[in-house]
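Here is a set of short exercises to work through with the model open beside you. Try each task before you read its solution.

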Amino acid sequence: MASEDVKRTSETAVSTIVNLAEEAKLASEGVKAPTSHALLSIAKSLVAGGVAGGVSRTAVAPLERLKILLQVQNPHSIKYSGTIQGLKYIWRTEGLRGLFKGNGTNCARIVPNSAVKFFSYEEASKGILWFYRQQTGNEDAQLTPLLRLGAGACAGIIAMSATYPMDMVRGRLTVQVPYVGLNFAVYESLKDWLIKTRPFGLVEDSELSVTTRLACGAAAGTVGQTVAYPLDVIRRRMQMVGWKDAASVVVGDGKSKAPLEYTGMVDAFRKTVRHEGFGALYKGLVPNSVKVVPSIAIAFVTYEVVKDVLGVEMRISD
């Protein structure tokens, strides 16, 4: 009797294993390796994103350098008092090369970051849209602004994690994730709104002109950088502690100076506001705004134009 039970149990186990093996075989047959066409499409998308990042960063390199100089200059020894004055001062003291100093290094950092960011946004958008349609049961559903914000945040996290040393990722994510998410959410939502409502004759044959897309990108960049700018200022100040000409505070009798020392981001916020006022959180905002308007606009439009030239499908809903 016992032997029969053992026999039945063993037969059941064997049958179960065979069934599982057959199911695994069927599943593996259903998983296809990426085709050469798919790989080429991915490569083109990455190239488009990289070109967009390089072009947009080079176009605004002088303003990017001035922004950083304004953020970290010693408040007791002002060299740069505004956008025009600052650019003239750099031109006079360092020449044309001074305006583009560090741009090569910036591009080496931005190009792969931009490539991964744009590609990740499209893939995250597709995945989120599929999941959203499954949950709602509506195959015609489209991404909402909030879902686009989530896709943009995912893109920012992936891009930062893939292109920056891991010990820098956490600090940069604090600034970049809300910025990247807002950029994509505002840009895509604004484009959709214009296509659906067709205000002021801006849309022709369901397509936006390059000028209109540039305006959408500028609006997206303005919203994103205004929200995230104080975080960027604090991050740079924390990086610059102890550096020559870094921001410092007056101590003692009001004549001597000591470098700022921060124990964390909250402490940096508190000390910056206490010693220099709330406006210090927005130092360099004007040149940064002037920079962001063309930079984000150029990046978005360049990405879409290059993808059109390379023949890569862009519609997330397809």
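**Exercise 1. Find the salt bridge that joins Lys67 and Glu64, and place it in the fold.**

*Step 1.* In this predicted model, the side chains of Lys67 and Glu64 form a salt bridge, at 3.8 Å from N to O. The cut-off for a salt bridge is 4 Å, so this pair qualifies.

*Step 2.* Now look for the element. Both residues belong to helix α3 (residues 61-72), where they stand three residues apart, about one turn of the helix.

*Step 3.* Check the surroundings. Lys67 is buried, because its relative accessible area is 4% and buried means under 20%. Glu64 is buried too, with a relative accessible area of 3%.

*Step 4.* Ask what surrounds the lysine. Beyond its neighbours within four places in sequence, Lys67 is in contact with Tyr229, Asp232, Arg236, Gly284, Asn288 and Lys291.

**Exercise 2. Work out how α3 lies against α10.**

*Step 1.* Begin with the axes: those of α3 and α10 come within 9 Å and cross at roughly 155 degrees. That makes α3 roughly antiparallel to α10, because angles over 145 degrees fall in that class.

*Step 2.* Add the handedness: α3 passes α10 in a left-handed crossing.

*Step 3.* List the residues. On the α3 side the contact uses Leu63, Glu64, Leu66, Lys67 and Leu70, and on the α10 side Pro287, Asn288, Val290 and Lys291.

*Step 4.* Sort them by class: five are nonpolar, one is polar and three are charged. Both partners from the first exercise, Lys67 and Glu64, take part in this contact.

**Exercise 3. Do the same for helix α2 and α3.**

*Step 1.* Helix α2 (residues 36-59) packs on α3 at an angle of about 65 degrees, and their axes are 4 Å apart. That makes α2 roughly perpendicular to α3.

*Step 2.* The residues in the contact are Arg57, Thr58 and Ala59 from α2, with Ala61, Pro62 and Glu64 from α3.

*Step 3.* By class, this contact has three nonpolar residues, one polar residue and two charged residues.

**Exercise 4. Trace the salt bridge between Arg213 and Glu304 and see what it connects.**

*Step 1.* The side chains of Arg213 and Glu304 meet at 2.8 Å, N to O.

*Step 2.* This pair links distant parts of the chain: Arg213 sits in helix α8 (residues 210-240) and Glu304 in helix α10 (residues 285-310), 91 residues apart.

*Step 3.* Both Arg213 and Glu304 are buried.

*Step 4.* Widen the view. Arg213 and Glu304 belong to a network of salt bridges that also takes in Glu188 and Lys191.

*Step 5.* Set another pair beside this one. Glu94 forms a salt bridge with Lys101, and their closest N and O atoms are 2.8 Å apart. Here Glu94 is partly exposed, with a relative accessible area of 28%. The structure holds 13 salt bridges.

**Exercise 5. Describe the settings of Thr272 and Arg235.**

*Step 1.* Thr272 is part of helix α9 (residues 265-276). Is Thr272 buried or exposed? Its relative accessible area is 0%, so Thr272 is buried.

*Step 2.* Outside its neighbours within four places in sequence, Thr272 is in contact with Ile234, Arg237, Tyr262, Gly277, Ala280 and Leu281.

*Step 3.* Turn to Arg235, in helix α8. Arg235 is buried, with a relative accessible area of 8%.

*Step 4.* Compare sequence with space. Arg235 and Met265 are 30 residues apart in sequence, while their C-alpha atoms are 7.6 Å apart in space.

**Exercise 6. Put these details into the whole chain.**

*Step 1.* Count the elements: the protein chain has ten helices and four strands.

*Step 2.* Read them in order along the sequence, and the pattern is α-α-α-α-α-α-α-β-β-α-β-β-α-α.

*Step 3.* Consider burial. Of the 318 residues in the protein chain, 40% are buried.

*Step 4.* Finish with the contacts. Among those in the protein chain with a separation of 6 or more, 72% come from residues 24 or more positions apart. The salt bridge of Arg213 with Glu304, whose partners are 91 residues apart, is a good place to look at such a long separation in the model.

Terms used:
Residues are numbered from 1 along each chain as its sequence is written. This is a predicted model: local features need pLDDT of at least 70, side-chain atom pairs count only at pLDDT 80 or more; totals for chains, interfaces and linings use all residues. Side-chain values use heavy atoms; hydrogens and water are left out. Helices (H or I, at least four residues) and strands (E, at least two) are DSSP runs, numbered from the N terminus. Buried means under 20% relative accessible area, exposed over 50%, partly exposed in between (1.4 Å probe, protein chains only). Contact means heavy atoms within 4.5 Å. Axes are lines fitted to C-alpha atoms, for helices over the stretch in contact, and angles run from 0 to 180 degrees between N-to-C directions. Angles under 35 degrees count as roughly parallel, over 145 as roughly antiparallel, 65 to 115 as roughly perpendicular and the rest as oblique. A crossing is left-handed if the near helix is turned anticlockwise from the far one by less than a right angle, and right-handed if clockwise. Ala, Val, Leu, Ile, Met, Phe, Trp, Tyr, Cys and Pro count as nonpolar, Asp, Glu, Lys and Arg as charged, and the others, Gly among them, as polar.
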